[in-house]
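Dear colleague,

Please find the structure below, handed over for your review. My notes on it follow directly after.

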Amino acid sequence: MANVSVIQRHAHLAGAVKLEFVNGREGKIAKAVLTAISNTRRGSGETREEESTAIQWTLWGKQAENAAEYLGKGSHVNIVGRLRNNNYEKDGETVYGMAFTAEEIDYLDSRAESEARRTRGDESAPQAGNGSGEPAAAATTSRKPRSARQPAHADA
């Protein structure tokens with residue numbers, strides 16, 4: 001079977017990451033499914049067209065748990081993975097399909113953007129602050145400069 005590498009760049013998530021635990025060879029393992037959408041522009045002037053591509057990715061293990069914790073609807077990501085043929089027989093007919101499995105995922109949002117997106121998505125969660133609805137100052141000033149931070153790989 002051929003191995004096909006797929007790269008989806010500058011994508012945003014269409015919805016929340018769906019996390020579940022399934023039986024693996026050595027017990028329960030985390031499985032997450034997310035849908036990433038990327039846009040491609042072709043042409044120029046009046047003939048310029050935009051095409052959207054949505055890919056449903058499956059993530060496994062710690063990478064799946066991290067994605068469920070840190071990503072939400074609208075999060076920006078780069079994903080590198082593989083494509084697998086997923087054909088099967090149903091009622092005597094062959095059903096053709098493809099499955100995408102993520103191998104690497106880069107989180108493109110800053111920590112502040114990610115935290116803001118999570119708090120907007122879960123309004124019932126208690127928010128850090130000074131009681132006046134304003135976020136705590138320490139949350140925004142404790143960030144390292146971009147050059148001092150490590151790449152945002154979920155599998156690290």
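The notes below cover an aromatic pair, the strands around it and one glutamate.

This is a predicted model, in which local features need pLDDT of at least 70 and side-chain atom pairs count only at pLDDT 80 or more, while totals for chains, interfaces and linings use all residues. Residues are numbered from 1 along each chain as its sequence is written, and side-chain values use heavy atoms, with hydrogens and water left out.

A search of the whole structure finds one aromatic pair (ring centres of Phe, Tyr or Trp, for Trp its six-membered ring, within 6.5 Å). W57 and F100 form this pair, with 5.5 Å centre to centre and 65 degrees between the planes; the geometry is edge-to-face (planes over 60 degrees apart). W57 belongs to strand β4 (residues 49–60) and F100 to strand β8 (residues 98–107), 43 residues apart; strands are DSSP runs of E, at least two residues, numbered from the N terminus. Both residues are buried (under 20% relative accessible area, 1.4 Å probe, protein chains only).

W57 also stands opposite F100 in β8. The strands β4 and β8 run parallel and are joined by two bridges; strands pair if DSSP finds at least two bridges between them. Strand β5 (residues 76–85) runs antiparallel to β8, with nine bridges, and G81 has A102 as its bridge partner in β8.

As for the glutamate, E113 is partly exposed (20% to 50%) because its relative accessibility is 43%. Its C-alpha atom is separated by 8.6 Å from that of S75, 38 residues apart along the chain.

With kind regards

Notes. Rings of Phe, Tyr and Trp (its six-membered ring) pair if their centres lie within 6.5 Å; planes under 30 degrees apart count as stacked, over 60 as edge-to-face and the rest as tilted. Helices (H or I, at least four residues) and strands (E, at least two) are DSSP runs, numbered from the N terminus.
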